[in-house]
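Good morning. I will go through one protein model today, beginning with how its helices pack and then moving to a few single residues.

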Amino acid sequence: MTDSSSSAAHVLRAASGDFDFAVMGILNVTPDSFSDGGAYEEPSAAIAHGRELIAEGARIIDVGGESTRPGAPPVSPAEELRRTQPVLEALGPEAAAAGVQISIDTSKAQVAAAALAAGASLVNDQAALRYAPEIAELVASSGADLCLMHMSGDPRTMQRDPHYDDVVAEVKRFLEQQLRFATDHGVPEERVLLDPGIGFGKTVEHNLALIARLDELLALGRPILIGTSRKSFIGRITGRDTSGRLAGTLASNILAYEHGARVFRVHEVAPLVDALKVTTATLRQAR
Ligand code: HH2
């Protein structure tokens, strides 16, 4: 990052060296996430994977204890805490020493509060404060960052025939409204990231339109985070299962960068860091 006084500075302090992007590594401590469920359920496996993600160049580690795949059953706050807290407590100091930010992927105030107390400094709220509006005050009082994501409905029902007249305009309106809610409740605007919520209540066409017209969300004045990693729209286009979606993940993230996204949530960090380095170096040469 070059301009530490820019409004995106707070979140993008995580960006790497000369580069203006940050890759967020996914650390799902769940039995049932759609592509890596069960792989890092044991705290020791999750902690080891977190270390790998840091070594691969992740500038943010997103720890999640509840799957939000379509149809996923809800998890109690106690269970979510049981899954995430040991990982946060172990990884927190190591991440801090490496200058890596820890994020908690939750829509529950209790889980967010415990994570912030354990050293997380970003709350990634997929419900964008709709389920737990009090997350806004928590974030405000702790000085953390906040990611607000668009989701149509909830994970149990979101993929039942999603409909929009203009998906980009509707996602933009929603994000604008939730951003205003957050700032009205004390969250400094410069601490907020916005995310169109790829795959959350959207068809393949909706997801593609959001990537192709991502620039329209830049008018909201906040950095855009995007999560396409291994998602089903890539499978629908390529015919690949979750283990074969890396190339599609890279393509969608490179395009999202070109259309203005700056934070990228992925399972495989190293290939995207390289791809984005080459992309940004090339674009810089062209301009
Ligand atoms: N996608 C997932 C989870 N959290 N957070 C943000 N901000 N944006 C996203 O696109 C996003 C997210 C779903 O992916 P994953 O964590 O791999 O799966 P699961 O929800 O099944 O654990």
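One definition comes before anything else: when the angle between two helix axes is under 35 degrees, the helices count as roughly parallel. Please also keep in mind that this is a predicted model.

Now the pair of helices that needs that definition. Helix H2 covers residues 43–55 and helix H3 covers residues 77–97, and their axes cross at roughly 30°. That angle is under 35 degrees, so H2 and H3 are roughly parallel to each other. Their axes come within 9 Å. As for handedness, H2 and H3 make a right-handed crossing.

Which residues of H2 and H3 make the contact? From H2 there are Pro43, Ala46, Ile47, Gly50, Arg51 and Ile54. From H3 there are Pro86, Val87, Ala90, Leu91, Glu94 and Ala95. Sorted by class, the contact of H2 with H3 has 9 nonpolar residues, 1 polar and 2 charged.

Here is a second pair for comparison. Helix H6, residues 167–184, packs on helix H7, residues 204–212, at an angle of about 70°. The axes of H6 and H7 are 9 Å apart. Angles from 65 to 115 degrees count as roughly perpendicular, and H6 and H7 are therefore roughly perpendicular to each other. The crossing of H6 and H7 is right-handed. On the H6 side, the residues that meet H7 are Val167, Val168 and Val171. On the H7 side they are His206, Ala209 and Leu210. This contact consists of 5 nonpolar residues and 1 polar residue, with no charged ones.

Both descriptions followed one recipe: two packed helices are described by the angle between their axes and the distance between the axes.

Let me step back to the whole chain. The protein has 10 helices and 8 strands. How does its radius of gyration agree with that of a compact globule? For 287 residues, a compact globule would have a radius of gyration near 19 Å, and the protein has 17 Å, which agrees. The C-alpha trace spans about 45 × 45 × 40 Å along the principal axes. Of the 287 residues, 54% count as buried. If we take the contacts with a separation of 6 or more, 69% of them join residues 24 or more positions apart.

Next, some single residues, starting in a loop. Alanine 128 lies in the loop between strand S4, residues 122–125, and helix H5, residues 135–142. Leucine 129 is found in that loop between S4 and H5 as well. What is the sign of phi at alanine 128? The value is positive, near 50°. Leucine 129 also has a positive phi, near 75°, and is a residue other than glycine. The reason to mention this is that most residues other than glycine have a negative phi. Are the two residues buried or exposed? Alanine 128 has a relative accessible area of 0%, so it is buried. Leucine 129 is buried too, at 3%.

These two loop residues lead back to helix H6. Glutamine 178 sits in H6, and beyond its neighbours within four places in sequence it is in contact with Ala128, Leu129, Arg130 and Leu148. Glutamine 178 counts as buried because its relative accessibility is 7%, and the cut-off for buried is under 20%.

Another loop residue is proline 196, between strand S6, residues 192–195, and H7. Its relative accessible area is 0%, so proline 196 is buried. Its contacts beyond four places in sequence include Val171 and Leu210. Those two names have come up already, since Val171 of H6 and Leu210 of H7 take part in the helix contact. Proline 196 also touches His150, Leu175 and Lys202, among others.

The last residue is tyrosine 257, in helix H9, residues 246–258. With 6% relative accessibility, tyrosine 257 counts as buried. Leaving out neighbours within four places in sequence, its contacts are Asp20, Phe21, Arg262, Phe264, Leu276, Thr279, Thr280 and Leu283. How far apart are tyrosine 257 and aspartate 215 in sequence and in space? They are 42 residues apart in sequence and 9.8 Å apart in space, C-alpha to C-alpha.

To sum up the helix pairs, H2 and H3 are roughly parallel, whereas H6 and H7 are roughly perpendicular. Thank you.

Conventions
Residues are numbered from 1 along each chain as its sequence is written. This is a predicted model: local features need pLDDT of at least 70, side-chain atom pairs count only at pLDDT 80 or more; totals for chains, interfaces and linings use all residues. Side-chain values use heavy atoms; hydrogens and water are left out. Axes are lines fitted to C-alpha atoms, for helices over the stretch in contact, and angles run from 0 to 180 degrees between N-to-C directions. Helices (H or I, at least four residues) and strands (E, at least two) are DSSP runs, numbered from the N terminus. Angles under 35 degrees count as roughly parallel, over 145 as roughly antiparallel, 65 to 115 as roughly perpendicular and the rest as oblique. A crossing is left-handed if the near helix is turned anticlockwise from the far one by less than a right angle, and right-handed if clockwise. Contact means heavy atoms within 4.5 Å. Ala, Val, Leu, Ile, Met, Phe, Trp, Tyr, Cys and Pro count as nonpolar, Asp, Glu, Lys and Arg as charged, and the others, Gly among them, as polar. Buried means under 20% relative accessible area, exposed over 50%, partly exposed in between (1.4 Å probe, protein chains only). The radius of gyration is taken over C-alpha atoms; the globule rule is 2.2 Å times the number of residues to the power 0.38.
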